[in-house]
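User: I am new to this structure and should like to learn how to read its features. Could you guide me through them in turn?

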Amino acid sequence: MANYHLIGREKEIAELERLLRSEKSEFLAIYGRRRVGKSYLIQEVYGSQMAFSTVGVYFRKNKRSALSYRKEQLLHFYESLLQYGLSFQIPPPTSWREAFRLLRTVLERDSRARKVVFLDELPWLAGAQSSELIAELSFFWNSWACRQRNIILVVCGSATSWMLNNVIRDYGGLYSRLTLKIQLHPFSLGECEQYYCQRHFLFSRYEIALAYMVLGGIPYYMDMLRNDETLSKNIDRIFFSNHSIKQEFEDVYVGLFQSSEKYLDIVTTLGNHLYGMTRNEIAQTLGMTSGGGLSTMLDNLEQSGIVSTYPRRGKNRKETIYRLVDFFSLFYLKNVLHAHPSGTNWMKMQRSPQFFSWAGISFEILVAQHLRHLQEALRIGKVTGCYCWNTDPNADTNAQIDLVIEWHGERTDYLCEIKFSENEFTITSDYRQNLLNKVYAFIHSNQHIKSHSVMLVMVTTMGVKRNSYSNCVNASITLDSLFT
């Protein structure tokens with residue numbers, strides 16, 4: 001594997017290098033949240049083999065007609081063709097058929113053994129009337145590129161739902177034509193630690209986790225951090241002293257989806273209900289119907305990694321809960337959106353009730369996103385199910401468990417209590433009784449499989465302080481386990 005300027009991404013790099021060694025033409029689709037590093041990955045690995053590269057342009061608050069929009073995108077495509085050797089005497093294309101014919105001309109003049117064609121932000125390139133570009137892209141691949149045996153065609157997009165519907169799950173000319181698809185995810189905690197070490201940050205793992213709960217594992221945002229400032233000062237500069245932060249928040253959604261205002265409404269609503277909402281609850285809050293339109297938008301947000309779904313059990317029936325899990329959006333909505341325009345900073349907010357409210361929820365999400373690491377720390381094999389649980393609202397006592405992991409292999413249910421703390425977490429007499437009440441309620445619920453044993457697990461940042469009340473815990477997992 002070459003020495004790229006990349007952190008992590010080992011599996012993705014190996015796959016991209018495999019395509020370079022292939023003896024046939026290859027067709028790759030790469031997608032994922034905005035700012036996650038898709039374009040950088042392709043440019044870093046394929047830069048020396050790049051025979052053509054172009055990027056779709058997003059027009060904010062676009063009022064252009066479909067014809068005008070297509071003309072603008074074709075002109076940008078034409079300028080890229082000129083950069084890669086097309087004669088200036090050839091006039092700009094007036095259709096996507098002409099554009100791909102000119103692309104073929106450029107590629108036929110290229111003498112490299114393997115030729116990479118990179119169409120970045122394909123959803124923006126195609127626009128609302130995407131059928132023409134997709135049809136001509138299909139024709140370009142099926143009639144010529146796939147027969148050359150030395151073309152690597154890479155299409156990339158941040159609008160995950162568009163990529164899925166128009167490329168990956170296309171049942172037209174692109175059906176079954178993809179030879180590889182990559183969904184690029186944010187960095188894990190371990191990869192973030194590698195990133196900070198490489199850039200000479202001396203953050204503790206606690207502060208790396210705190211930075212993750214603010215920025216997520218998004219390389220673009222992590223690049224904003226400076227190693228000559230403390231984490232607190234970095235957060236102040238990026239969020240509380242940055243007048244364009246509201247625009248950055250909106251840009252996560254503008255360009256990802258049509259009707260971005262509706263998506264922002266959904267995200268903002270979920271930001272006010274940090275434990276999540278059912279689809280009917282979201283519809284009722286926004287005054288929408290809970291039919292296909294809302295379902296499509298929620299699915300799009302989930303496919304893009306902005307929202308996650310999980311089952312909530314313990315009531316009369318299982319419910320699907322939608323929860324905002326994009327850390328950048330969550331931090332902005334909880335701590336920045338309604339902050340006073342002057343005098344508010346992160347230093348003042350830390351260790352406040354608002355801070356611990358946000359940190360507690362965010363740490364739960366962080367643990368859920370590193371579930372594999374948690375399972376490995378508990379030495380759990382393949383699990384049957386993971387869910388959160390709470391008692392029926394009509395029950396005598398109210399109890400809620402952050403995460404239940406069912407392992408049928410050893411007939412055990414792991415009841416995980418997830419707690420954020422700056423120091424070792426102290427279990428008091430009252431808290432011990434609260435934990436035992438939760439265990440008792442779960443064991444006597446309809447959800448519990450009677451042949452299963454139960455283990456109470458504390459998942460904390462810095463561990464559980466040993467005292468006369470801590471022996472009720474069967475296993476203690478710390479933040480360190482999420483880095484491995």
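Analyst: What follows is a guided reading of several features of this model, which is a predicted one.

User: Let us begin with sheets. In what order do the strands of the open sheet of 7 strands lie?

Analyst: The order is β7-β6-β8-β9-β10-β11-β12, and the pairing is mixed. At the edges stand β7 (319-324) and β12 (475-477), each of which pairs on one side only. From one strand to the next, the twist averages 35 degrees.

User: How many bridges join strand β8 to strand β9, and which residue stands opposite Tyr 387?

Analyst: Strand β8 (residues 385-390) and strand β9 (residues 400-407) run antiparallel and are joined by 5 bridges. Opposite Tyr 387 stands Val 404 in β9.

User: Do β2 and β3 run parallel or antiparallel?

Analyst: They run parallel, and 5 bridges join β2 to strand β3 (residues 115-120). Within this pair, Ser 53 has Phe 118 of β3 opposite. Strand β2 (residues 50-55) is also mostly covered, as 5 of its 6 residues are buried.

User: How should I read a nonpolar core, and which residues touch the most other members of the largest one?

Analyst: The general idea is that, in soluble globular proteins, nonpolar side chains tend to be buried together. Here the largest nonpolar core has 103 residues, and Tyr 46, Tyr 196 and Phe 239 touch the most other members. The helix that gives the most to this core is α9 (residues 205-215), with 9 residues. There is also a second, separate core of 40 residues, which includes Val 117, Trp 144, Val 155 and Leu 164.

User: With which residues is Tyr 46 in contact, leaving aside its neighbours within four places in sequence?

Analyst: Tyr 46 is in contact with Leu 16, Leu 19 and Leu 20, and also with Val 116, Ile 152 and Val 154.

User: Why is α9 described as largely enclosed by the rest of the structure?

Analyst: The description rests on burial: 9 of the 11 residues of α9 are buried, so this helix is largely enclosed by the rest of the structure. The buried residues are Tyr 206 together with the run Ile 208, Ala 209, Leu 210, Ala 211, Tyr 212, Met 213, Val 214 and Leu 215. They pack against α8 (189-198), α10 (219-222), α11 (231-240), α16 and α18 (353-369). After α9 comes Gly 216, whose phi is positive, near 70 degrees.

User: How does one describe two packed helices, and at what angle do the axes of α9 and α16 cross?

Analyst: Two packed helices are described by the angle between their axes and the distance between the axes. For α9 and helix α16 (residues 327-336), the axes come within 5 Å and cross at roughly 80 degrees. The two helices are therefore roughly perpendicular to each other. In their contact, Tyr 212, Met 213, Val 214 and Leu 215 of α9 meet Phe 327, Phe 328 and Phe 331 of α16. By class, the residues of this contact are 7 nonpolar, no polar and no charged.

User: How do the axes of α13 and α15 cross, and which residues make the contact?

Analyst: The axes of helix α13 (residues 260-271) and helix α15 (residues 292-303) come within 11 Å and cross at roughly 75 degrees. That crossing makes α13 roughly perpendicular to α15. Lys 262, Tyr 263, Ile 266 and Val 267 contribute from α13, while α15 supplies Leu 294, Thr 296, Met 297, Leu 298, Asn 300 and Leu 301. This contact has 7 nonpolar, 2 polar and 1 charged residues.

User: What is notable about the phi of Glu 121 and of Arg 149?

Analyst: Most residues other than glycine have a negative phi. Glu 121, although not a glycine, has a positive phi of about 50 degrees. It lies in the loop between β3 and α5 (122-126), and at 11% relative accessibility Glu 121 counts as buried. Arg 149, likewise not a glycine, has a positive phi of about 70 degrees; its place is in the loop between α6 (131-148) and β4 (151-157).

User: Finally, where is Tyr 175 placed?

Analyst: Tyr 175 is in the loop between α7 (160-168) and β5 (180-183). With a relative accessible area of 44%, Tyr 175 is partly exposed. Tyr 175 and Ser 138 are 37 residues apart in sequence, and their C-alpha atoms are 9.1 Å apart in space.

Methods
Residues are numbered from 1 along each chain as its sequence is written. Side-chain values use heavy atoms; hydrogens and water are left out. Two strands pair if DSSP finds at least two bridges between them. Helices (H or I, at least four residues) and strands (E, at least two) are DSSP runs, numbered from the N terminus. Axes are lines fitted to C-alpha atoms, for helices over the stretch in contact, and angles run from 0 to 180 degrees between N-to-C directions. A nonpolar core is a set of buried Ala, Val, Leu, Ile, Met, Phe, Trp, Tyr and Cys residues joined through side-chain atoms within 4.5 Å. Buried means under 20% relative accessible area, exposed over 50%, partly exposed in between (1.4 Å probe, protein chains only). Contact means heavy atoms within 4.5 Å. Angles under 35 degrees count as roughly parallel, over 145 as roughly antiparallel, 65 to 115 as roughly perpendicular and the rest as oblique. Ala, Val, Leu, Ile, Met, Phe, Trp, Tyr, Cys and Pro count as nonpolar, Asp, Glu, Lys and Arg as charged, and the others, Gly among them, as polar.
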